[in-house]
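Here are my notes for you, written as a colleague would jot them down. Keep the viewer open and click along as you read.

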2 protein chains.
Amino acid sequence: MQKRTAIPPDSTRCSTCMLSEICIPLGMSKKDVTVLDELIKERIRVPKGAPLFKIGDEANALFGIRSGTLKTQLQDSTGQVQITGFLFPGEIIGMDGLLQNIHVSHAIALEDSEVCVIPLDELDTLSQHIPVLQLQFRRLMSKEINRSHQMVMSLGGLRSEQRLAAFLLNMSQRLASLGYSSTDFILRMSREEIGNYLGLTLETISRLFSRFARDGLLRIRQREVSLLDMTALRALSGTDCG
Amino acid sequence: MQKRTAIPPDSTRCSTCMLSEICIPLGMSKKDVTVLDELIKERIRVPKGAPLFKIGDEANALFGIRSGTLKTQLQDSTGQVQITGFLFPGEIIGMDGLLQNIHVSHAIALEDSEVCVIPLDELDTLSQHIPVLQLQFRRLMSKEINRSHQMVMSLGGLRSEQRLAAFLLNMSQRLASLGYSSTDFILRMSREEIGNYLGLTLETISRLFSRFARDGLLRIRQREVSLLDMTALRALSGTDCG
DNA sequence: CGCCTCTTTGATAAAAGTCAATCAGGGTGG
DNA sequence: CCACCCTGATTGACTTTTATCAAAGAGGCG
């Protein structure tokens with residue numbers, strides 16, 4: 001587990017955070033959000049490549065991503081790895097550990113990142129008095145369930161080109177909601193990580209990027225993507241984002 | 001939505017239910033379980049083939065399966081279906097709807113089934129006073145997240161024979177925990193449904209069953225399975241159940 | 001500059017899908 | 001009661017998709 005540092009008094013808190021439109025505060029009243037300032041008092045910096053938590057670690061907190069990108073991955077006894085998600089600012093990580101208070105996945109930073117610590121015991125205490133808080137976390141967990149089900153749908157029902165198109169549109173949409181360009185962005189993960197996530201090999205991903213570029217759907221140089229024809233990508237993905 | 005009927009006073013309640021070892025009461029004190037009797041006052045019978053809920057239905061309750069088997073499935077705008085789970089007695093269904101209080105999947109009975117109704121508003125009220133209840137539902141949701149992640153791992157990382165072996169072992173284990181035979185059971189779903197669930201075609205499933213039978217791993221007649229060599233199946237599945 | 005990792009691309013092989021024919025059971029109506 | 005029909009399952013032939021193996025190119029960093 002990484003080192004936790006108290007949030008300096010003059011720093012941004014939930015009530016003043018730019019992410020409040022998409023993070024935990026989403027849909028909460030201004031007054032309720034100030035309660036979050038009481039709850040979230042620490043942050044953790046996670047350098048690129050370092051774990052926020054690992055399988056087997058005690059889960060005594062959830063984490064709200066403040067900046068950066070992380071991935072979560074399972075690993076079975078044979079060493080086989082499966083990436084289950086790429087997480088952006090405003091998203092919550094760590095809900096895998098709530099079953100037994102032990103994490104069953106790794107969370108690793110894809111770039112230097114910072115997360116806000118949401119201690120479970122204090123969350124429980126506060127939830128007793130603030131019903132909306134409990135409701136909010138239930139929503140967040142349901143969202144993760146639905147996200148994972150969408151993932152199952154993508155892996156179970158789509159072909160490689162559809163999966164990649166849906167993946168790119170999903171990235172685009174989430175980055176747009178953070179205020180970034182929906183068409184031009186940097187992929188923080190390697191071809192191998194994309195492939196693993198989508199149940200494909202890195203070669204297949206590379207070939208698909210080349211083909212999409214040849215067909216004028218996008219431009220790609222290294223990890224820098226420009227989506228040129230969102231309509232065609234949407235048509236290709238078949239489904240409405242994955 | 002199906003018709004709800006009050007549980008007759010002389011009928012089994014949570015505190016006297018045989019499923020209390022695996023259902024919501026798991027790990028709760030005897031005293032806390034009696035609180036569940038206050039919470040769960042209705043049941044719904046769902047005939048084979050009928051929906052318990054459908055996409056778009058208002059989600060105002062969770063459901064504990066009392067008897068029977070159900071499947072949950074997503075359906076996108078093109079009509080493409082993806083089965084996301086097969087649910088047995090003692091398992092909870094309906095958590096997909098907690099994000100917006102609207103269901104985003106169908107729940108359909110594979111055989112005549114009965115479920116206990118857990119109204120969300122009463123769950124909330126009770127949770128205010130009974131912290132363990134809140135904790136319990138958080139655990140159940142985390143379990144569903146982890147289950148879905150395992151599913152992603154299976155679809156993303158395993159080959160067809162591994163997926164089917166893992167599927168059968170998973171069935172076996174869950175049926176065993178219900179007190180049924182771990183080696184001899186009836187599949188309540190068609191080849192097509194298994195295939196859809198595992199991201200394969202019904203023909204592939206059929207061929208795999210034939211091959212497993214030829215190799216002495218199991219016997220299969222229609223939907224009646226006998227697992228003959230669990231060790232080999234475990235080795236084949238690679239992972240420790242999916 | 002040279003090494004190292006990531007990526008691209010090609011040739012080939014393996015896995016799974018598709019199409020099609022047949023078969024088996026279960027239920028229904030004559 | 002039996003023939004028939006309908007659905008679900010099996011099996012085969014063939015195609016498509018994607019993985020695997022291999023080689024070479026590009027960029028970044030010490």
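1. Let's start with a puzzle: why is strand 4 (residues 61-67) of chain B largely enclosed by the rest of the structure? Keep in mind that this is a predicted model. Count the buried residues in strand 4 of chain B and you get 6 of the 7, so the strand is largely enclosed by the rest of the structure. The cut-off behind that word is simple: a residue is buried if 20 or more other C-beta atoms lie within 10 Å of its own.

2. Who are the strand's partners? Strand 4 of chain B pairs with strand 9 (residues 113-119) of chain B in the antiparallel sense, over 6 bridges. If you want a place to click, I65(B) sits opposite V115(B) of strand 9. Strand 4 of chain B is also joined to strand 7 (residues 92-93) of chain B, again antiparallel, by 2 bridges. There, F63(B) has I93(B) as its bridge partner.

3. Now the core. The largest nonpolar core has 72 residues. Those with the most contacts inside it are L52, F63 and L70 in both chain A and chain B, together with I93(A). Try L70(A) as an example: leaving out residues up to four places away in sequence, L70(A) touches L52(A), I65(A), L87(A), I93(A), A107(A), I108(A), A109(A), L110(A) and S113(A).

4. How do the two chains relate? Turn chain A by 180 degrees, with 0.0 Å of shift along the axis, and chain A superposes on chain B with an RMSD of 0.0 Å. The two copies are thus related as by a two-fold rotation axis. The same surface serves both copies, too: 100% of the contact residues of chain A recur in chain B.

5. Next, the contact between the chains. Chain A puts in 37 residues, and chain B puts in 37 residues. On the side of chain A that touches chain B, the elements giving two or more residues are strand 6 (81-87), helix 2 (120-129) and helix 3 (131-157). Helix 3 of chain A has the largest share, with 18 residues. By class, this side of chain A divides into 12 nonpolar, 17 polar and 8 charged residues.

6. On to the DNA, beginning with strand C. DNA strand C is surrounded by 18 residues, and the closest are S190(A), S206(A), S210(A), S160(B) and T204(B). Two or more residues each come from helix 5 (191-198) and helix 6 (202-214) of chain A, and from helix 4 (160-177) and helix 6 (202-214) of chain B. Helix 6 of chain A gives the most, 6 residues. The surface near DNA strand C has 4 nonpolar, 6 polar and 8 charged residues.

7. What about DNA strand D? Here there are 17 residues around the strand, and R159(A), T204(A), S190(B), S206(B) and S210(B) come nearest. For DNA strand D, helix 6 of chain B gives the most, with 6 residues. The classes are 4 nonpolar, 6 polar and 7 charged.

8. Last, a backbone detail to look up. Q222(A) is not a glycine, yet its phi is positive, near 60 degrees. You'll find Q222(A) in the loop between strand 11 (218-221) and strand 12 (224-227) of chain A. Is Q222(A) buried or exposed? Exposed: Q222(A) has 7 other C-beta atoms within 10 Å. In chain B, Q222(B) has a positive phi of about 60 degrees as well, and Q222(B) is exposed.

Terms used:
Residues numbered from 1 in each chain as written. Chains lettered and ligands numbered in written order. Predicted model: local features only at pLDDT ≥ 70, side-chain atom pairs only at ≥ 80, totals over all residues. Least-squares fit on C-alpha atoms with pLDDT ≥ 70 in both. Contact = placed C-beta atoms within 7 Å. Near = placed C-beta within 6 Å. Helix = DSSP H or I, 4+ residues; strand = E, 2+ residues; numbered from the N terminus. Nonpolar A, V, L, I, M, F, W, Y, C, P; charged D, E, K, R; others polar. Core = buried A, V, L, I, M, F, W, Y, C linked by C-beta atoms within 7 Å. Buried ≥ 20, exposed ≤ 12 C-beta atoms within 10 Å, placed from the backbone. Pairing = 2+ DSSP bridges.
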